[in-house]
Amino acid sequence: MEPPVLPGKAVMSRSIVRQSKFRHVFGQAAKAEQSYDDIRVSKVTWDSSFCAVNPKFLAVIVESSGGGAFLVLPLSKVGRVDKNYPLVIGHSGPVLDIDWCPHNDNILASGSEDTTTMVWQIPDHTPCRPISEPIVVLEGHSKRVGIVKWHPTARNILLTAGSDNLIIIWNVGTGEPLITMDDHPDLIYNVSWNYNGSLFCTTCKDRRLRVCDPRKREVVAERLSPHEGIRPMRAIFTKEGNIFTTGFTRMSQRELGLWDPTNFEEPIALLELDTSNGVLLPFYDPDTSMVYLCGKGDSSIRYFEITEEPPYVHYLSTYSSKEPQRGMGFMPKRGVDVSKCEIARLFKLHERKCEPIIMTVPRKSDLFQDDLYPDTVGPDPALEPEEWLDGRDEDPILISLRDGYVPPKSRELKVSKKNVLDSRPAPRRSLSAVDGSSLPPQLLEKLVEEIQSLKATVLSQEKRICDLENKLSKYTNGTV
């Protein structure tokens, strides 16, 4: 496939050799045995990526009867997925969006057509039966929830957007809504937090791009029709605070733009790409200032570098394949293989499988490449929910990838559960139930200890049953 011809200045920038360490980045599909096969990817008509990935797990929204479900696989579980592999079930309608918590690799949020958002705790070991109990259910939308986005720096803060045109920001630790914004008169297409989570930008069916300050509960900047076409737009914040957009021209050509939210009058850059119907999903890497554009239904991934020199958005190259993509997942930087100069890993959804695509900078040296891997966003939150709500802003806490990144074992799960149980009211309690406030503190402590002990026993027995079932299946298959 021919690379897109970018008009005006962009064409000139390619005729002069530009100095960039990412000029020769190339994409390569993983070998067939490194793919995840026999996954029935969801056919729901919604423009989300249908896939979320972190250094431990791959999650894919799948077809399921009688409600909504998604599949969660450890990254190492490549090959054919057993048709009886346990799914994450619990939604009564199709799942529309999923997002891994950036501060805990075992926590995932899902939004559904059933109007709820659920937060799930995924165990490190393979479950024996479907996971059907979320750690918290967030109920506040009156129509389907199509967008879920974790806050980049504050612990337990989750943003949801629904077809009721509301944006709700939750404290997942308590299950309570903190902020509700009703500034959008029509369907919200996408939401993107900025680098430190002080603002977010949205695109909407009313063709406006908005920048919102959630703690002031107001829209601080907006632009009508950054792209003149009426088809859906996408917008993401860059690390520098500019906004990168994808959309359509009046003639239905796909277009990308770069905007300064403090001066929305004129774009920093505006480039036409090609004529196609698929909405371009942008995936942004703040460490390299590269953006990867994946169109739904396309069979290619284009990638660009955003710089401070004109024309500001530089076309690099295109990864092409034969199969169209149904969705895409983007690995956080701490999940890439630094020993192979891998700078990005995308997970391409086909109709029946998920295929990793590895983006690499060609280098001959086996040593750690400092210039390719500046310190990147780590898994620790910079703020507690109360600090963020009080107006504090902090950049993400960075880590070095010099020695690679090893995901920790399941972290803080008890805290999260206890947090939820302590803070949430119990609406189903009967009137005849004993009033906890009248119990002596020693008895309460004893009861809590007993409950925790019982939970630990149930978990260990479940793991033991799982091991025994695995052994039994080996005997019945004649492999032992």
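Visitor: In which strand is H91 found?
Guide: H91 belongs to strand 7, which covers residues 88-91. Please keep in mind throughout that this is a predicted model.

Visitor: Why does H91 count as buried?
Guide: The cut-off for buried is under 20% relative accessible area, and H91 has a relative accessibility of 5%, so H91 counts as buried.

Visitor: What makes the side chain of H91 a partner in a polar contact?
Guide: A polar contact requires a pair of N or O atoms within 3.5 Å, one of them able to donate a hydrogen and the other to accept it. The side chains of H91 and S110 meet this requirement at 2.7 Å, and those of H91 and D114 meet it at 3.1 Å. Once residues up to four places away in sequence are left out, H91 also touches G67, G68, S112, T116, T117, M118 and W120, in addition to S110 and D114.

Visitor: Why is the pair of F57 and W100 called stacked?
Guide: Two rings pair if their centres lie within 6.5 Å, and planes under 30 degrees apart count as stacked. The ring centres of F57 and W100 are 5.5 Å apart and the planes stand at 15°, so this pair is stacked. The pair links distant parts of the chain, since F57 lies in strand 4 and W100 in strand 8 (residues 95-100), with their positions 43 residues apart in the numbering. Both F57 and W100 are buried.

Visitor: What makes the pair of F304 and Y315 edge-to-face?
Guide: The angle decides this, as planes over 60 degrees apart count as edge-to-face. For F304 and Y315 the planes are at 70° and the centres 5.6 Å apart, so the pair is edge-to-face. F304 is in strand 26 and Y315 in strand 27, so the pair ties together parts 11 residues apart in sequence. F304 and Y315 are both buried. The structure holds 11 aromatic pairs, and ring pairs also link F283, Y292, Y303 and F330 into a cluster.

Visitor: How do you know that V60 counts as buried, and which residues is V60 in contact with?
Guide: V60, found in strand 4 (residues 57-62), has a relative accessibility of 1%, which is under the 20% cut-off, so V60 counts as buried. Leaving aside neighbours within four places in sequence, V60 is in contact with I39, V41, F50, C51, F70, L71, I98 and L349. V41 is 19 residues from V60 in sequence, and the C-alpha atoms of the two are 7.1 Å apart.

Visitor: How do you know that strand 21 and strand 22 pair?
Guide: Two strands pair if at least two bridges are found between them; strand 21 (residues 243-248) and strand 22 have six, in the antiparallel sense. One of the bridge partnerships joins G247 to E255 in strand 22. The two strands form a hairpin with four residues between them, and S252 in the turn has a positive phi of about 65°.

Visitor: With which strand do five bridges join strand 22?
Guide: Strand 22 pairs with strand 23 (residues 269-275) over five bridges, again in the antiparallel sense, and Q253 has T275 in strand 23 as its bridge partner. Strand 22 (residues 253-259) is mostly covered, with six of its seven residues buried.

Visitor: What makes strand 12 and strand 15 edge strands?
Guide: Strands 12-13-14-15 form, in that order, an open sheet with antiparallel pairing. Strand 12 (145-150) and strand 15 (176-181) each pair on one side only, and they are the edge strands. The twist from one strand to the next averages 25°. Strand 14 (residues 167-171) pairs with strand 15 over five bridges in the antiparallel sense, and I167 has M181 in strand 15 as its bridge partner.

Visitor: Why does C341 count as buried, and what is the phi of C341?
Guide: C341 counts as buried because its relative accessibility is 3%. Its phi is near 55°, a positive value in a residue other than glycine, and C341 sits in the loop between strand 28 (327-330) and strand 29 (342-349).

Visitor: How many disulfides are there?
Guide: The rule asks for a pair of cysteine sulfur atoms within 2.5 Å, and by this rule the count comes to zero.

Visitor: What is the peptide bond from P310 to P311 called?
Guide: With omega near 0°, the peptide bond from P310 to P311 is cis, and P311 is placed in the loop between strand 26 (300-306) and strand 27 (313-320).

Notes: Residues are numbered from 1 along each chain as its sequence is written. This is a predicted model: local features need pLDDT of at least 70, side-chain atom pairs count only at pLDDT 80 or more; totals for chains, interfaces and linings use all residues. Side-chain values use heavy atoms; hydrogens and water are left out. Buried means under 20% relative accessible area, exposed over 50%, partly exposed in between (1.4 Å probe, protein chains only). Contact means heavy atoms within 4.5 Å. Axes are lines fitted to C-alpha atoms, for helices over the stretch in contact, and angles run from 0 to 180 degrees between N-to-C directions. Rings of Phe, Tyr and Trp (its six-membered ring) pair if their centres lie within 6.5 Å; planes under 30 degrees apart count as stacked, over 60 as edge-to-face and the rest as tilted.
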